[in-house]
Amino acid sequence: MPGTLTSAAIPRRRLLAQRLWGPGAADAPAAVKALLAVQAQEYAYARWSLAQRCAGPGKDDAGAVDSAIEDGTILRTHVLRPTWHFVHRGDLRWLMMLSAPRLRAGNKSRDGQLGIEAETVRRSNEVVGAVVAGGRHATREGLAGALERAGLLPDTGEKLMGSPLRNQRLAHLVYHAELDEVLVSGVPRPASGGTVRQTYAAFDERVPRLPCGFDRDAALAMLVRRYFSGHGPATVKDCALWSGLTQADVRRGLAVAASCTDGAAAVESAAIDGHEFLWCDGGGPPARSPRSPRVDLIQCYDEYVMGYTPTRSYLGGAAPAPANAKVPSHVVLLDGRMIGNWQHALKPGAAVVTLLLHRTLEDGEEQALHSALERYRTFLARPLSADISVRAAPR
């Protein structure tokens, strides 16, 4: 459909591609595969990002997401930009091989600040690898204890930029072990207040081998096809900033994908608002938008926000909110456009959702908001109350 895209249709097309609208994904692993990688540093809210994209029995079901994370079908690790991401286990190895060289190069100045040398990383990888060998899953504290005993993590009390140097060194050594395919996420452990603690497992025990050798061009082609299928319409620069690759890499991937004769759907394009937008529909019938008005509660690091940088303005508001903004962190959407912020507070056996809207809702819109809150109550599986206020959006 070259040339048929309009500016007004971009939010709708993105929401459908991302499975926030339309039939949804079959389950949480399918939701992750559709998006290729899902930013996940806010763990509790990231689980919601997956659950709200599911159809059938897994729709809005935290337990179904938790099961896929526990059995390792969905893994949580640092990859791409980098930050925490959920990735399907079938995609993690080639994604890590594609992105790790740039991430290692970007580590050099930070390694120097922290006094971490190549030999330190090698020894650290040996230590933490031994901790998780044989199916053992260890918390970060467990890894820290082993590194301390090996003399690689001295607790000198020294600080760097106001934070304990030991903690920063620990985080960076674990990050190196992820990039070097030594560690990956294990089974989360329950913690107080309904939260969970991350654990680490052996990468090779949780991530399958590639069926054939790594081919960088094939990986680039796979990444761009999957990105523009799950996030499009978007631009080359959107893809580059999302993936942590260069724009030249993205264009190389597009060229390789275009030359393939494997029958995969072609990447299409259209010029809108001074940008060249690309998308890949997968060849299936177009999904229908939901009935308006429609309210969605999404986290501020949802792929509908973080999947785009230069063209994020189609969201209709500023997200993520600055830390000093004194507003709830997350995003309220009305028919795909931002109209407010929200966040939850979990209490024993209950939850309170605070919403700050940018305008008063009309009757049908209020009902749509209550439907969205009911979905979130289902996800949390506990009684939920809402504290709603209205304040005009900052200009």
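Helices (H or I, at least four residues) and strands (E, at least two) are DSSP runs, numbered from the N terminus. On that numbering, Gly151 sits just after helix 7 and takes a positive phi of about 75 degrees. The model is predicted. Three regions are covered below: a three-strand sheet, helix 7 with its surroundings, and strands 15 to 17.

**The three-strand sheet**
- Three strands form an open sheet in the order 1-3-2, and the pairing is antiparallel.
- Strand 1 (38-39) and strand 2 (74-79) are the edge strands, each pairing on one side only.
- Strand 2 runs antiparallel to strand 3 (residues 83-88), and six bridges join the two.
- Thr77 stands opposite His85 in strand 3.
- Helix 2 (residues 28-35) packs on this sheet and touches strand 1, strand 2 and strand 3. The direction of helix 2 makes about 115 degrees with that of strand 3.
- Helix 5 (residues 89-114) lies across strand 2 and strand 3. Helix 5 runs at about 5 degrees to strand 2.

**Helix 7 and its surroundings**
- Helix 7 spans residues 140-149. Its buried residues are Leu143, Ala144, Gly145, Ala146 and Leu147.
- These buried residues pack against three strands and two helices: strand 4 (138-139), strand 7 (183-185), strand 10 (199-202), helix 6 (118-132) and helix 8 (165-179).

**Helix 7 against helix 8**
- The two axes come within 11 Å and cross at roughly 100 degrees. Angles of 65 to 115 degrees count as roughly perpendicular, so helix 7 is roughly perpendicular to helix 8.
- On the helix 7 side, the contact uses Arg140, Leu143, Ala144, Leu147 and Glu148. Helix 8 supplies Arg166, Leu170, Ala171, Leu173 and Val174.
- By class, the residues of this contact are seven nonpolar, three charged and no polar.
- Leu143, Ala144 and Leu147 appear both among the buried residues of helix 7 and in its contact with helix 8.

**Strands 15 to 17**
- Strand 15 (residues 337-347) and strand 16 (residues 350-357) run antiparallel, joined by eight bridges.
- His344 stands opposite Val353 in strand 16.
- Two residues lie between the strands of this hairpin, where Gly349 takes a positive phi near 75 degrees.
- Strand 16 also pairs with strand 17 (residues 384-390), here running parallel, through seven bridges.
- Ala351 has Leu384 in strand 17 as its bridge partner.
- From strand 16 the chain passes through helix 14 (residues 363-380) to reach strand 17. This β-α-β crossover is right-handed.

Terms used. Residues are numbered from 1 along each chain as its sequence is written. This is a predicted model: local features need pLDDT of at least 70, side-chain atom pairs count only at pLDDT 80 or more; totals for chains, interfaces and linings use all residues. Side-chain values use heavy atoms; hydrogens and water are left out. Two strands pair if DSSP finds at least two bridges between them. A crossover is right-handed if, with the strands pointing away from the viewer, the path from the first strand over the helix to the second runs clockwise. Buried means under 20% relative accessible area, exposed over 50%, partly exposed in between (1.4 Å probe, protein chains only). Contact means heavy atoms within 4.5 Å. Axes are lines fitted to C-alpha atoms, for helices over the stretch in contact, and angles run from 0 to 180 degrees between N-to-C directions. Angles under 35 degrees count as roughly parallel, over 145 as roughly antiparallel, 65 to 115 as roughly perpendicular and the rest as oblique. Ala, Val, Leu, Ile, Met, Phe, Trp, Tyr, Cys and Pro count as nonpolar, Asp, Glu, Lys and Arg as charged, and the others, Gly among them, as polar.
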